[in-house]
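Colleague: I would like to take a close look at one helix and at the parts of the chain around it. Please go slowly and explain each term on the way.

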Amino acid sequence: MPPEATEKQVPIIIQARMTSSRVPGKVLRKIGGEPLLALLLQRLEKSQTGFAVVATSVETSDDPIADFCRSSGVDVVRGPLDDVAMRFCRAIDKLQSDCFVRVCADSPFLDPALIDQAVGIYQQTDADLVTNVETRTFPVGQSVEVISSATYLAAYQSFHTADHFEHVTAYFYEHPDNFKIQSFQSDGHYNDCHMAIDTETNLQTLDNLVATLDRPLDSYGWKELMTRLDAAEA
């Protein structure tokens, strides 16, 4: 477990793989001269509550991710390529934490303040899942989920579709009556803003945006980045 885990108790598990069909190798593609995963890790270091762990596959195609993590001093957990949910099970078993945060590696602009907000809600309620995804009002690329480890491990036994194993929390949203789900939303509807890397165009747009910034990327909150992005696309 990383040294900072003694101070930041909640693991932020980043799911990452190289075999994206639309943007191959995207998690190590560069924005502003830095790999996407590096930018995300830099931002997550600003979290007051969580420390980053990367969950990738055991396939040789994902060796570059594991190598990058080790060279960066970031813990990495490996599991099946197609059973992303099992990777999370392995990470939970290794980390032995009451809960965990789930994020995606293709979201290099993710605001760590949202993680702290979600963890705070989790700690103040009896929720099984705290989410800003169920009713999306934040930009794409600002998705955060905090999940009870015990609840997740128990629910995994009932996963049975490809969607459950790939998208990790799909089963929870399909069976809301079985879980205590606590949603939080932004102060407006910003879900039309796209701040994740799903296409080559997204990659180029965000690279262009970073080139216009006058401070380090990790010093910007999501709203300021959204404003900058809107101006760049106008």
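What do the buried residues of α2 pack against?

Modeller: Before I answer, please keep in mind that this is a predicted model, in which local features need pLDDT of at least 70 and side-chain atom pairs count only at pLDDT 80 or more, while totals for chains, interfaces and linings use all residues. Residues are numbered from 1 along each chain as its sequence is written, and side-chain values use heavy atoms, with hydrogens and water left out.

The buried residues of α2 pack against β3 (34-35), α1, β4 and β5. Names of this kind stand for DSSP runs numbered from the N terminus, with helices being H or I of at least four residues and strands being E of at least two. The helix itself covers residues 63-72, and its buried residues (under 20% relative accessible area with a 1.4 Å probe and protein chains only, where exposed is over 50% and partly exposed lies in between) are I65, A66, F68 and C69. Because these residues cover an arc of only 160° around the axis, taken from the directions from the helix axis to the C-beta atoms, they are on the same side of α2. The face turned away from that buried side carries the exposed residues R70 and S71. After α2 comes G73, whose phi is positive, near 75°.

Two of the packing partners are also linked to the helix by the path of the chain, which crosses from β4 through α2 to β5 in a right-handed β-α-β crossover. Right-handed here describes a path that runs clockwise from the first strand over the helix to the second, with the strands pointing away from the viewer. Strand β4 (residues 50-57) and β5 pair in the parallel sense over five bridges, where pairing requires that DSSP finds at least two bridges between the strands. Within this pairing, A55 has V77 as its bridge partner, and T56 has R78.

Strand β5 is mostly covered, since five of its five residues are buried. In a regular strand the side chains alternate between the two faces of the sheet. In β5, D75, V77 and G79 point one way, and V76 and R78 point the other way.

Stepping back, these two strands belong to an open sheet of seven strands in the order β5-β4-β1-β6-β8-β7-β9, with mixed pairing. Its edge strands are β5 (75-79) and β9 (181-183), each of which pairs on one side only. The twist averages 25° from one strand to the next.

Another partner, helix α1 (residues 36-44), lies across β1 (10-15), β4 and β6 (99-104), and runs at about 165° to β1; such angles run from 0 to 180 degrees between the N-to-C directions of axes, which are lines fitted to C-alpha atoms, for helices over the stretch in contact (heavy atoms within 4.5 Å).

Finally, consider the largest nonpolar core, meaning a set of buried Ala, Val, Leu, Ile, Met, Phe, Trp, Tyr and Cys residues joined through side-chain atoms within 4.5 Å. Among its 53 residues, I14, L37, V54, V101 and I115 touch the most other members. The elements that give two or more residues to this core include α2, α1 and β4, and the largest share, seven residues, comes from α1.
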